[in-house]
Amino acid sequence: MLQNGITPSGGSRPAIEHFDVLFVGAGLSGVGAAYHLRQGSPGRSYVILEGRESVGGTWDLFRYPGIRSDSDMYTLGYSFRPWEEAKAIADGPSILRYVNDTADRYGIRQHIRFRHHVKKADWSSADARWIVEAERTDSGERVRFTCDWLHMCSGYYNYHEVYDPGFAGKESFRGTIVHPQFWPEDLDYKGRKVVVIGSGATAVTIVPEMAKDAAHVVMLQRSPTYMVSRPSEDGIANFLRRVLPSKLAYGIVRWKNVLLQMVFFKLARKRPAKVKEKLLDEVRKLLPPGYDVGTHFTPRYNPWDQRLCLVPDADMFQAIGKGSASIVTGEIDSFTETGIRLKNGEVLDADIVVTATGLKLQLASDIAFTVDCEPRDLSRTLSYRGMMFSDMPNLSYSFGYTNASWTLKADLTGQYLCRLLNHLDKTGTEIAIPMREAGVEEVPFLDFSSGYVQRALDILPKQGSKKPWKLYQNYALDMFSLKFASVEDGVIRFLPRGAPAAAQPAREREAA
Ligand SMILES: Cc1cc2nc3c(=O)[nH]c(=O)nc-3n(C[C@H](O)[C@H](O)[C@H](O)COP(=O)(O)OP(=O)(O)OC[C@H]3O[C@@H](n4cnc5c(N)ncnc54)[C@H](O)[C@@H]3O)c2cc1C
């Protein structure tokens, strides 16, 4: 659909395309949300604006050795499309293929505009529409679209910048420094001495993989992370797939894994000391006798205060056992010409240093949001059902779980979006807006002690102390709330075009 706008001076403006729904991002979430729209609210026009040249987001961007999921594909896969490969902990290229195949199979790719990086979004109360401005990354040209609903599937971190802990003397190092987010395709590490800084999922993936070819790999960590080893293939899943129809087998295994994860998480929160002991016992059994588990594998926090690191088929422990990898726990003093000096005086020689020190988190891709040209700061809003922002009309976002697979929540969000859109039709209204209530206490958006979460709390919205502002991080509760509970909850308002409350944040409404 095309609209030809005329500027106040009378000159003609480039045509602006209009879509019922505009998605930002063609990663796992964007492709999934487009599928749900097609199924749950068919007949609506939609476009996906994608800043890059390809589908897949995270799974296309990250190319470091061994890149893989750290949760199982029966829950990281879509609810509507069985994961049919043998490995439950899958490598990055397989996941990328799965997202691409989904985009092709359901005719989603033809709705994607690649190289369109969204920069601005302005809500027009008069038209009950978003005006979205994107920059074409190939030509620099600015293009505009309008849409009735804007759904953000832009992920949670910056694609171009990473977290930099600011190590002293980095520039004096004569070897190669790489960040996993920008892995050089031609990096040859065969027979080289490597130090990987970090102890999160990325470091735990890279270390055993590089250890296969490098002279030696040191994982240098400031403090340890809980690690748990599981087989990369799920025997039950592979058996069920042989004897049951693929969709049924997938559904059963998905629920098995959801429930196991929920029980384990609950147990960790209720009986942290017991769970800690069990995790450390398991680790001890996988390491050489006498290994110093206390120093290198015993975190300062309780299990699930931060994300657990999954070790498929004990590969990390095997690399340590073989002597091709080792762990050093200590604080960095500075880089030297030939390696890294620790605060305790120890020096680690390196040809290559991998800084697996973390992502730079970002909310809604740092897009400049305005309502009737008035800037709105999303970090000052309350998150509504973990998918909308208080006092922001017709705007939703996809944000996965911290304690389970991302896609579980992304799927529910896509389905709930359809329920909202259908409810607008049914009630003859055009605007859905969660109205912030008085007396709801603000709570941090994420309850995780990890550095990358703590560093980002200021830029994230807050959650509320009660329903529907509270984030449960619990698939079963969310399923009930997003799939079955009424969308009319007394908090979200469905309004006709031009309703003044839709443009007014709570502070102004209270003052009026
Ligand atoms: C290395 C790594 C491993 C992970 N492993 C797991 C795992 O095992 N399990 C799990 O649950 N989670 C995992 N995650 C989290 C992971 O990001 C999510 O699982 C999932 O891939 C997120 O999908 P998404 O589509 O929401 O975001 P992304 O994959 O980040 O995709 C966002 C897309 O939006 C585009 N975009 C962003 N901003 C704009 C803009 N302004 N305009 C246009 N386009 C834009 C990007 O180019 C990108 O294509 C992992 C993350 C990383 C980094």
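Start at the ligand. One of its oxygen atoms sits 2.6 Å from an N or O atom in the side chain of Glu50. This is a predicted model, and the distances here are computed from it. A second entry involves Tyr159: an oxygen atom of the ligand is 2.7 Å from an N or O atom in that side chain. The backbone takes part as well. A polar backbone atom of Gly51 lies 3.0 Å from a nitrogen atom of the ligand. In total, 32 residues surround the ligand. The closest are Ser29, Glu50, Asp70, Ser71 and Trp406.

Take Ser29 from that list and follow it outward. Its side chain makes a polar contact with the side chain of Ser398, at 3.5 Å. Where does Ser398 lie? It belongs to the loop between strand S24 (395–397) and helix H11. Is Ser398 buried or exposed? Its relative accessibility is 5%, so Ser398 counts as buried; the cut-off for that label is under 20%. Setting aside neighbours within four places in sequence, Ser398 is in contact with Ser29, His151, Met152, Cys153, Trp406, Ala410 and Thr413. Ser29 and Trp406 are also among the residues closest to the ligand. The chain brings distant positions together here. Ser398 and Gly155 are 243 residues apart along the chain, yet their C-alpha atoms are separated by 7.5 Å.

Met152 leads on to the strands. It is the bridge partner, in strand S7, of Val24. Strand S7 covers residues 142–152 and pairs with strand S2 in the parallel sense, over seven bridges. S2 spans residues 16–24 and is mostly covered: eight of its nine residues are buried. S2 also pairs with strand S3 (residues 46–49), again in the parallel sense, over four bridges. There Val24 stands opposite Leu49. Val24 thus has a partner in S7 and another in S3.

Now the packing. In soluble globular proteins, nonpolar side chains tend to be buried together. The largest nonpolar core in this model has 155 residues. Which residues have the most contacts inside it? They are Phe23, Trp130, Leu150 and Phe369. Helix H11 (residues 406–427) supplies the largest share of this core, 10 residues. Another core lies apart from it, with 14 residues, among them Leu220, Val328, Leu348 and Ala350. Back in the larger core, Phe369 repays a closer look. Not counting residues up to four places away in sequence, Phe369 touches Ala121, Trp130, Leu150, Met152, Ala364, Glu374, Pro375, Arg376, Leu378, Met392 and Leu395. Trp130 and Leu150 appear here too, and both are among the residues with the most contacts inside the core. Met152 returns as well, after its contact with Ser398.

Next comes a five-stranded sheet. The strands of a sheet pair through backbone hydrogen bonds, either parallel or antiparallel. This one is open, runs in the order S9-S18-S10-S11-S14, and its pairing is parallel. Its edge strands are S9 (176–178) and S14 (325–329), each pairing on one side only. From one strand to the next, the twist averages 20°. Inside the sheet, five bridges join S10 (residues 193–197) to S11 (residues 216–221), and the two run parallel. Lys193 stands opposite His216 in S11. A helix covers part of this arrangement: H5 (residues 201–211) lies across S10, S11, S14 and S18 (352–355). H5 runs at about 165° to S11.

Finish with a three-stranded sheet. This sheet is also open, but its pairing is antiparallel, in the order S15-S16-S17. Why is one side of S15 and of S17 left without a neighbour in the sheet? S15 (332–335) and S17 (347–349) stand at the edges and each has a single partner strand, so one side of each has no neighbour there. The twist averages 20° from one strand to the next. S15 and S16 form a hairpin, with three residues between them. They pair in the antiparallel sense over three bridges. S16 (residues 339–342) then joins S17 through three bridges, also antiparallel. Ile340 links both pairings. It is the bridge partner of Phe335 in S15, and Leu348 is the bridge partner of Ile340 in S17. Leu348 is one of the residues named in the core of 14.

Notes
Residues numbered from 1 in each chain as written. Predicted model: local features only at pLDDT ≥ 70, side-chain atom pairs only at ≥ 80, totals over all residues. Heavy atoms only, no water. Core = buried A, V, L, I, M, F, W, Y, C linked by side-chain atoms within 4.5 Å. Buried < 20%, exposed > 50% of the residue type's maximum accessible area, 1.4 Å probe, protein only. Contact = heavy atoms within 4.5 Å. Pairing = 2+ DSSP bridges. Axes fitted to C-alpha atoms, helices over the stretch in contact; angles between N-to-C directions. Near = heavy atom within 4 Å. Polar contact = N/O pair within 3.5 Å; in protein donor to acceptor, adjacent residues only side chain to side chain.
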